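Me: I am new to this structure and would like to learn how to read it, one feature at a time. Could you take me through it slowly?

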Amino acid sequence: VMYLFKKYTHASTEDFDEMLERQVTPWNIGDDTCSPRPEPPTKYLLMFIAILSWPTAESARLRALLRRGDSWLKAFVEAADVRYAFFVPEIPSHFTKDLLQEREENSDFLFANP
């Protein structure tokens, strides 16, 4: 066990010499190992759900059902803190006013190249 009573820095050759002497790899020592770890800037994300969809009216209806508060997707997102997105192929011949409006209104909608 190695107790760290000072801050080690990767820029110091003296610190590297000491780590080599103790047979400790540099990637196991961080700059802030002596002080409390800072809080992460955002929540750690463990799961992302990619939902493949199609640019049709029927698929739009199904996406709307999944966005409702009583859907299995919303229940899963709230229970497990996951993120999701609908991936719709970018086919210009299928673009409609409703499809483009849906994309503007929802942050979970992405066009993907087929």
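The dialogue below goes from the strands to the aromatic rings and then to a pocket.

Me: Before we start, what kind of model is this?
Reply: This is a predicted model, and everything we discuss is computed from it.

Me: Let us begin with the strands; which strands does S2 pair with, and in what sense?
Reply: In a regular strand the side chains alternate between the two faces of the sheet. Here strand S1 (residues 48-52) and S2 pair in the parallel sense over five bridges, and Ala 50 stands opposite Ala 85 in S2. S2 also pairs in the parallel sense with strand S3 (residues 109-112), over four bridges, where Phe 86 stands opposite Phe 109 in S3. Between these two strands the chain crosses from S2 through H4 to S3, and this β-α-β crossover is right-handed.

Me: Why is strand S2 described as largely enclosed by the rest of the structure?
Reply: A residue counts as buried when its relative accessible area is under 20%. Five of the seven residues of strand S2 (residues 83-89) are buried, and therefore the strand is largely enclosed by the rest of the structure. Phe 86, whose place is in strand S2, has a relative accessible area of 1%, so this residue is buried.

Me: How many residues apart along the chain are Phe 86 and Leu 110, and what separates their C-alpha atoms in space?
Reply: Positions along the chain and positions in space are read separately. Phe 86 and Leu 110 are 24 residues apart along the chain, while their C-alpha atoms are separated by 6.1 Å.

Me: Which residues do the ring pairs link into a cluster?
Reply: Two rings count as a pair if their centres lie within 6.5 Å, and by this rule the count comes to four aromatic pairs. One of them joins Phe 109 and Phe 111, with 5.2 Å centre to centre and 90 degrees between the planes, an edge-to-face arrangement. Both Phe 109 and Phe 111 are buried, and ring pairs link them with Phe 95 into a cluster.

Me: Finally, which residues line the largest pocket?
Reply: The lining consists of Pro 55, Thr 56, Ala 57, Ala 60, His 94, Thr 96, Asp 98, Leu 99 and Glu 102. Helix H2 (57-67) and helix H4 (97-105) are the elements that give two or more residues to this lining, and H4 gives the most, with three residues. The lining residues divide into four nonpolar, three polar and two charged, and the volume of this largest pocket is about 170 Å³.

How values were computed:
Residues numbered from 1 in each chain as written. Predicted model: local features only at pLDDT ≥ 70, side-chain atom pairs only at ≥ 80, totals over all residues. Heavy atoms only, no water. 1 Å grid on protein atoms, 1.4 Å probe; cavity = no way out; pocket = protein on both sides within 12 Å on 5 of 7 lines; lining within 4 Å. Points joined across faces, edges and corners; volume = space filled by probe spheres on them. Nonpolar A, V, L, I, M, F, W, Y, C, P; charged D, E, K, R; others polar. Phe/Tyr/Trp six-rings, centres within 6.5 Å; stacked < 30°, edge-to-face > 60°. Buried < 20%, exposed > 50% of the residue type's maximum accessible area, 1.4 Å probe, protein only. Pairing = 2+ DSSP bridges. Right-handed = clockwise from strand over helix to strand, strands pointing away.
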